[in-house]
Structure formats: C-alpha cells, structure tokens
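Work through the exercises below with the sequence and model open. Try each task before reading its solution.

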Amino acid sequence: MPLARRKTEIFPRALGFSPYVWLVYMVIPLFNMAYERGIKMVLGYAMIAVFIVSYRQLFFSERLTAFWLAVQMIIIVTLSVLYLPFYSFMGFFTANFIGNYQDDRKFRIAFAAFVVSILLPILGNIRHLTVSDYLTLVPFIMIMLMTPFGMRSMNVRKQLELQLNEAREQIEILVKKEERLRIARDLHDTLGHTLSLLTLKSQLVQRLTDKDPEKARLEAREMEETSRAALRQVRELVSDMRTLTVAEEIEEVRSILHSADITLESEGDTRLTGIPDLTQNILSMCLKEAATNIIKHSRATACTITIRKGTSDVRMVIRDNGVGLEESGQSTSQGNGLKGMFERLALIDGTLELSSSGGTELIITVPIIIKGKESVTA
C-alpha cells in the first residue's frame, strides 16, 4: 500500500503546493511555442514536456539528479539556440535544484555546466539580439546565476537548524539519563548502607526478644532513630532533585508554538518566587497541555500567557486568538487533556475556568495557602 500511494504522488506532499506554483512559469514557454509551425512546434512542445517530467523527477530521483539536470540544460540550450534566447529563463528551475548539492565538488561542476548552458545561447545569438533584448536578458541571467548560491545557503541553514534541534534533543536525553544515574547513585549511597544496617538489627532483635528483652528494646529504638535519619536523608535528596518551573516551561512552550507559527507573549511574574515545587510542576504540566491543545485545535496565530501572583492565590491566564471551543470541537469537560488538567489542579485545590470569545481563554487559579500546608506536613 505505501508503494502504491507514492506512485500516485505527483510531487512530495510534504512540500505542499509550492512545486505546483512553480509550474505556472511554464505557461510562458508554452505560449511562445504556439507561434511555431509544423514539426518545429511538435518538437518544441515535446521538449517542454520532457522538461516538466525532469522537473518532477528531480524531487524524487536523488541518485539521478545529475542526469535530470543535464536533460534540463540540454533542453534549455536547444530551445534557446533553435527557437528564442528567452527560453533560457527556464534555467530558474534548474538553478533551484543545483542549490541542493551539499558536496562542493558536485556543486561547482553542476554550476559550471549551468553557466555554459545559459551563456552559450546568448553568445550564439549575439549578432541577432538588440539592445532591448540585452536589457531584458542580462538582469534575469544575473539573478539566475546567483540563485544556486542562495538556495544552497538556505539549504545549509536548514540542515544546521535540523542538526541543532537533534543536538538539543540528544542533550535533553543525556541530561535525563545523567539525572537518573545521579538519583540512583544517591539513593544507593544514602539508603544502601542504612537498609543493610536495619536488616541486621532486625535479625538481632528477633534473637534477643526472648533472651534479653531490654537489649532488644534498645536495638529497636536505635532502629527507629536510624530509619528516621534515613527518612530525612530521602527528603533532602528529593528536595534537591530538579523540578520544572513555570518560567522554564514557558520557554519550552514558546519553542513549541514557534514551530507551529504561533507567537507567544508572556506577562507578569513568571518566576513565581516562593511558590512550592509541587505547585510549579502542576502549573507547568497544565501549561504544556494547554499549548498542545492550541496547536492541535485552535488554528491560532498568537497566544498570551499572563501570570498574576496575589496575596492568597496565583492566577495564570492562557489566551489565544483561534476559532474558540465550539468550532474547534473541544469540550469543557472531556477530551483534549482538559480532564487531566482538572484532576491535577484538584490535587492542590486549584480551579480551571474556560471561556470562548474571539478565541479560547483558560484561567487557572491556585491558592498560595498550599505552601503553608506543605510546610506543616513536611
């Protein structure tokens, strides 16, 4: 099935309508060829048809790129010499594909051949061209000869951006692995010895229960103190673990929205100094879920995050300029991650309100009193 689908593809679907738009420029050669007569017109249209086929093949046949580029250059030279020198403008198609060469040697060879195919017809018709013809040809030829360099530069930039994104993802994976290793190492160093000691003492208590109850109680008391010390160590370890803050999540969301061509503006106290890690984590998860919904359903072009920290609560408002809840098919209670957001906020007595007017607005409110509760239970 996948092979059959690819055969029916005229141009790569990932490129959208761009390849089809370029075909509009073939109208001019087709129109000019209509002025020819007889076998010359038939051969001219045949060469233009082959040129269009080669244009399509250059999107798919990576191994035959040089062959199809050569076909295009031969057709350009033939049409420009035997018909009109203005057929050299078809070289704009060829120039774009030459810019795809990343190898310097292949690029130089292709570009040199392209220069010959463009300039040769001009030199061959030098006696028949008027001043107005030169004024028309020269500017376009100069642009045409610069196009491969511009396309190559743009392709190199895209490749670098792709490599940079891959590097960032790899760094994130390595950071997570390092964090896991650190946690595992700290847990082993912190609890390994303590648990081994508690195991030995528990065995000792079992043996002393009948023989020496007083010493057994003393050992049990030491076990209690050791376990409390281990508990404190675990709490210290957990408190030192890296938590995701709202400010960090906003930057992550900004990058995600940017990839979907959605701008993001943030206002207010994004650092939320003094807000507990648990609250920051839950707000961050809600923010990421909201951004995912905006990308999937809103069809928005802009998003605003406003954070206000009051004396009794923290309010985070996420607003987009999309189509709203009803047109996007979102539900205020089910699906789209909203149910998960309600459940997460319920853990810290938070609330979530939604409204839809000229877009979608999410209002998340979390009481600051939760910090006091945590400090009491810690």
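**Exercise 1: Two cysteines**

Cys286 counts as buried because its relative accessibility is 0%; buried means under 20% relative accessible area, exposed over 50%, and partly exposed in between (1.4 Å probe, protein chains only). This is a predicted model, in which local features need pLDDT of at least 70, side-chain atom pairs count only at pLDDT 80 or more, and totals for chains, interfaces and linings use all residues. Residues are numbered from 1 along each chain as its sequence is written, and side-chain values use heavy atoms, with hydrogens and water left out.

Task: classify Cys303 as buried or exposed, then state how many disulfides the structure holds.

Solution.
- Step 1. Cys303 has 3% relative accessibility, so Cys303 counts as buried.
- Step 2. The structure holds 0 disulfides; a disulfide is a pair of cysteine sulfur atoms within 2.5 Å.

**Exercise 2: The whole chain**

Task: describe the secondary structure, burial and contacts of the chain.

Solution.
- Step 1. Count the elements: 14 helices and 5 strands. Helices (H or I, at least four residues) and strands (E, at least two) are DSSP runs, numbered from the N terminus.
- Step 2. Take burial: 35% of the 378 residues count as buried.
- Step 3. Turn to contacts, meaning heavy atoms within 4.5 Å. Of those in the chain with a separation of 6 or more, 66% join residues 24 or more positions apart.

**Exercise 3: The cores**

Task: find the largest nonpolar core and say which elements give two or more residues to this core.

Solution.
- Step 1. Define the term: a nonpolar core is a set of buried Ala, Val, Leu, Ile, Met, Phe, Trp, Tyr and Cys residues joined through side-chain atoms within 4.5 Å.
- Step 2. The largest one has 34 residues. Phe51, Leu69, Leu79, Met90, Ile98 and Phe114 have the most contacts inside it.
- Step 3. Two or more residues each come from H4 (38–57), H5 (65–82), H6 (91–98), H7 (104–124) and H8 (131–211). H5 gives the most, with 7 residues.
- Step 4. Look around Phe51. Leaving out residues up to four places away in sequence, Phe51 touches Met26, Gln72, Ile75, Ile76, Met90, Phe93 and Thr94.
- Step 5. Another core lies apart from this one. That core has 31 residues, including Leu257, Ile262, Leu272 and Leu338.

**Exercise 4: Helix H10**

Task: check the span of H10 and locate its buried face.

Solution.
- Step 1. H10 covers residues 246–259, 14 residues in total. The expected span is 1.5 Å times one less than the number of residues. That gives 20 Å, and the end C-alpha atoms are 20 Å apart, which agrees.
- Step 2. Val246, Glu249, Ile250, Val253 and Leu257 are the buried residues of H10. They fall within an arc of 105 degrees seen down the axis, so they line one face of the helix. The arc is that of the directions from the helix axis to the C-beta atoms.
- Step 3. Exposed His258 and Ser259 sit on the face turned away from the buried side.
- Step 4. The buried residues of H10 pack against E1 (263–268), H11 (277–298) and E2 (302–309).

**Exercise 5: Positive phi**

Task: place Leu272 and Asp349, and decide whether each is buried or partly exposed.

Solution.
- Step 1. Leu272 has phi near 50 degrees, positive in a residue other than glycine. Leu272 lies in the loop between E1 and H11. At 1% relative accessibility, Leu272 counts as buried.
- Step 2. Asp349 has positive phi, near 60 degrees. Its loop runs between H13 (338–346) and E4 (351–356). At 42% relative accessibility, Asp349 counts as partly exposed.
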